[in-house]
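Biologist: I am new to this structure, and I would like a close look at one part of it before moving on to others. Could you begin with a single strand residue and then take me onward from there?

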Amino acid sequence: MNYMVLTVCLAVISLLFCNGYALDFNLDFSKFANMGFKDDLAGDGKGGWSDQGPENDFNGFDFRRKDYDAVSFSVLNPAENSGKAVLTFDNEHAKTGLKAVCIKLTEPRPQARFLYLLHASCWNVEAKGTAIASIEVNFSDGSSVSKELRTGIDIGDWWNAGRLENGKPAVLKSHGAVNVGVYLSKFEISSVSREVSSVEFKSNGKVVWIVIGATLSTEDHIFKADAPRRFAADTQWKAVDIKSLQVKADSALDLSSLVESGPAGKHGRVIVSKAGRLAFEDAPEKSIRFFGFNWWQMYSSAGKAFWAKRKHLSNEDMEAVKSQFSVFIRSARLQGYNMIRITLFDGFLMEGAAEDCIPNPQRQDLMDWFIAKCKEQGIYVYMSPALHGAGKKDLAKAWKERNLSKAKMLIGDPDVRNCWRRFSEHLLKHVNPYTGLAWKDEPAIAFIEYYNELDGGTSKGVLEKLDPETKTAYEAKWRLWLDSKVPGIRHVADAYALPLSQENPMSNEFALFIASLAKENLLWFKKNIEEIGYKGLTAQYNHSNLMNFAALRWENSETTAINCYFAHPTGDSLEKVTQGSSLPGSYWYANNALRFANSPFLVTEWNHGFWNPWQHEGGLLFPAYSSFQDYSALIVHADPVSMDYGDAALGAFDVSSSPVGRANELLSAFLFARVDVQTAKRSVQLVFPSAYLNKNRNARSFPATDAQGKIGLMTGFSIAFSDLPSAAQSKSTEPEIILQPEGGSEAITGEWFSSTVVKENNSDLSTFTDMLKFKGILSSNNISSPKDAIFQNETGELTMRAKEQLLKAVTPRTEAVTMKAGRSEVLDCLTVNSLSVNALVAAVALDGRTLFDSKRIILIISTETANSGMELSSDGINMLEQGTTPILMRCGNFDLSLKHRGAMAVYALALDGSRREKLASSFEDGLLKINIDSSVLKNGPTPFFELLQE
């Protein structure tokens, strides 16, 4: 072969088979890369990824990998490029200065029809379709094409990365509570192959955009369709018997002994004590706790079908429903609940109503009956007049416009406020014929929450969708606020537009403005409720975990109520759920950092959502630490008590038909309501001067850093505002350590949830932990080691080893551990010798004795649930098909032992507490040995087992 011909052939082959992949050409970032994968210190402008520190980098990224769904990428080795491997574009959270990069291609230039990107974004809370960057491809003929990168379509936040229309998670790893990952995206740049001269990447700064690799190609590579996960009954997953869900009296699951006998209200009103806790009027020195649930089931899928046919009931129907309500409320008592929070309250009462603000009389009568029966059973009521849009008879419209109604309420819209006033006045002045008392005078109604999650009406997503009239009204109030606060602001362009972006220089002022609206609204609520004559406790603004609302509650609310979730569904159709573990518990300790030591702290909604595979962790983590911090109420969302509306597949927060959800609640009853976990005796307080709110974006940040929040895993932790007057009349014990703020973690707020996304760690928690030991707040033998993600509380009852995904509680009457398969763990009496699947295992004494001496013990083994036919994406994040009944539970083999005084019989229990099967056990040398294979239980798997000394 001619030498010249050979040379040309080799050049062509080199171009076409660059890096060993036909027709792919990898762009070279080596001259422009500005970050590595590893970041040692947050916020220093050096290091790697998004500059959020070692807890939020992509250390360990496999830069050697070349093949990503048949697309080749050449990822830089940071060790060979001065520590730099990726392009991290400038954003307020990562001040890199990099705004654009142009890569010019030398001869011979590649031919291409497509551009492929390996990329990610951080701090991305932009609405779907929002452009966050662009790519301009220039061709040798002088023409060019530009492509926008759109959030939710081409790219998403790297936290909880899931499949998008044009973005496939190409690399995923578990990262604490979430999966994180980078996306593979494809952009067609030409209908035919053309020679490319340069490629320019531009960020608009809305998010932190990180580009790991880019490849030009003539080939239309088809991304592999990952096979979905489909659940069906087999040897690993078995159907759960849910025929009977109402707990049997005197069974091992009967917790009625935890509920004081009725009537509720016999001790007078529920009040705030001098110690800043809830108490009764006739015993103000004795703190009380409420263990409750949200009653949502009337609008569950089955409940809707039930009520849709019953807008107007016959007398016979009314009696049947009242009878059902009576059974339901007795069942609530049997499950240990002493509070019911009625959600969708306005919707229930107004369905079938003849006019606005006046409830359907039949529904009013049913609610009277419901309240009377709650009172009879010793169960208190927590009610909110508004969720749909208080008092509106057109429920479909009210539901559709619920966020608009919240926004209007906050700016004082006369129609919305007048309707709330008329509806609330009608309800509270109405006399219940079954108790003889007006609702305003009923001591069994412990709380009035003026408007559920009204603060959610201030979120960016809501304000972006305001109708022109409401937007104009908002801007008018914003203009007045600015003119009073910032002289000369009229000369600043666009100053009067609502600054919804966090990058806007007026962002902090806007957060303070929102707080001023919320304060005026709260004072309006208080004035009206006092005029109506209600004298019980109130609560408001349970949605936001931002600093501006924390300060607002401090000054204006006698209680703090907060809604808090782990693994709350996200996405436009709430179809995505994180698959990571909830440990180290940021969702709990982030919300705990809103607690004031001098007033009651109530969690009015909480849950650890299905279909997260670690849902069983929730029953230990949340109630145990909430008891440790002495919360006044835990109210689960939703419906742990069955109304027998019929079988329905599990939804995100269903409890009554979920074996894992029921197990979580059973354990919660003992850890929190029975106060098996001791409260903290020592305390640390984070104190904010009011001026702190006015700096930078502090008013719209979360109060505590991640490190500060974790203090609550070890000792008492609260916040305070030093120079703002407190609404609380109580005085708490002086904290032993007072901290000054360092800057807050950003919070992301959505319509249905509020979850803190911790993306920084700028405190030396290890040094602080050493100080806690030096001061004797933690004992010298306390094993807490933040650098190893190990936290033990001051009493020694709670120990978390987050890197192992292990949390355990060891108390005299309850021992529990949540842990990964293939491990063993010794508690005190209880030992888990082995378990074949991830699970929570707990042993609880039922008879007032210690676990060692108890003659009746509940053993809980909780794993994972699924619906039959449920389909998830291959990574488990996206719900593709919800599935149907029967509900399935993951089975496993559990080898356990329990130190005890003597032999005990072991029974598998149904979800209603009835005994189904006696199991084998042995007793030798003071150890009760139990081996359970849940896949061979005669009546299917169950989380509940009874140990009985016979």
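Modeller: The residue to begin with is Ile-861, which is found in strand β38, residues 856-862, and it should be kept in mind throughout that this is a predicted model. Because its relative accessibility is 3%, Ile-861 counts as buried, the cut-off for that word being under 20%. Leaving aside neighbours within four places in sequence, Ile-861 is in contact with Leu-840, Met-889, Phe-894, Leu-896, Ile-932, Thr-942, Pro-943 and Phe-945. A further reference point is Ser-658, which is 203 residues from Ile-861 in sequence, while the two C-alpha atoms are 13 Å apart in space.

Another buried position is Asp-676, in the loop between α15 (659-673) and β26 (683-688); it counts as buried because its relative accessibility is 5%. The side chain of Asp-676 makes a polar contact, at 2.7 Å, with the side chain of Arg-674. Not counting residues up to four places away in sequence, Asp-676 also touches Phe-670, Leu-671, Glu-797, Thr-811, Arg-813 and Thr-814.

Ser-582 can be read in a similar way, since this residue is found in the loop between β23 (560-566) and α13 (586-592) and, at 1% relative accessibility, counts as buried. Its side chain makes a polar contact with the side chain of Glu-617, at 2.6 Å. A contrasting serine is Ser-314, in the loop between α2 (301-308) and α3 (315-334), which counts as partly exposed at 36% relative accessibility. Ser-314 and Glu-219 are 95 residues apart along the chain, and their C-alpha atoms are separated by 69 Å.

Turning to the helices, α5 covers residues 361-376, and its 16 residues should span 22 Å at 1.5 Å a residue, which agrees with the 22 Å between its end C-alpha atoms. Of those 16 residues 13 are buried, so α5 is largely enclosed by the rest of the structure. Its N-terminal end is capped by Asn-360, a side-chain oxygen of which lies 2.9 Å from the backbone nitrogen of Gln-362, and just after the helix Gly-378 takes a positive phi of about 80°.

Helix α8, residues 414-429, also has 16 residues, and the 22 Å from its first C-alpha to its last is close to the 22 Å expected. At its start, a side-chain oxygen of Asp-413 reaches to within 3.2 Å of the backbone nitrogen of Asp-415. The buried residues of α8 include Val-416, Cys-419, Trp-420, Phe-423 and Leu-427, and the buried residues of this helix pack against α4 (345-350), α5, α7 (402-410), β21 (445-449) and α11. An α-helix has 3.6 residues a turn, so residues three or four places apart point the same way.

The last of those partners, α11 (residues 507-532), also packs with α12 (residues 547-556), at an angle of about 30° and with the axes 9 Å apart. The crossing of α11 and α12 is right-handed. On the α11 side the contact is made by Ala-511, Ile-514, Ala-515, Ala-518, Lys-519, Leu-522, Leu-523 and Lys-526, and on the α12 side by Asn-548, Phe-549, Leu-552 and Asn-556. Sorted by character, the residues of this contact divide into eight nonpolar, two polar and two charged.

How values were computed. Residues are numbered from 1 along each chain as its sequence is written. This is a predicted model: local features need pLDDT of at least 70, side-chain atom pairs count only at pLDDT 80 or more; totals for chains, interfaces and linings use all residues. Side-chain values use heavy atoms; hydrogens and water are left out. Helices (H or I, at least four residues) and strands (E, at least two) are DSSP runs, numbered from the N terminus. The expected span of a helix is 1.5 Å times one less than its number of residues. Buried means under 20% relative accessible area, exposed over 50%, partly exposed in between (1.4 Å probe, protein chains only). A polar contact is a pair of N or O atoms within 3.5 Å; within protein, one must be able to donate a hydrogen and the other to accept it, and residues adjacent in sequence count only if both atoms are side-chain atoms. Axes are lines fitted to C-alpha atoms, for helices over the stretch in contact, and angles run from 0 to 180 degrees between N-to-C directions. A crossing is left-handed if the near helix is turned anticlockwise from the far one by less than a right angle, and right-handed if clockwise. Contact means heavy atoms within 4.5 Å. Ala, Val, Leu, Ile, Met, Phe, Trp, Tyr, Cys and Pro count as nonpolar, Asp, Glu, Lys and Arg as charged, and the others, Gly among them, as polar.
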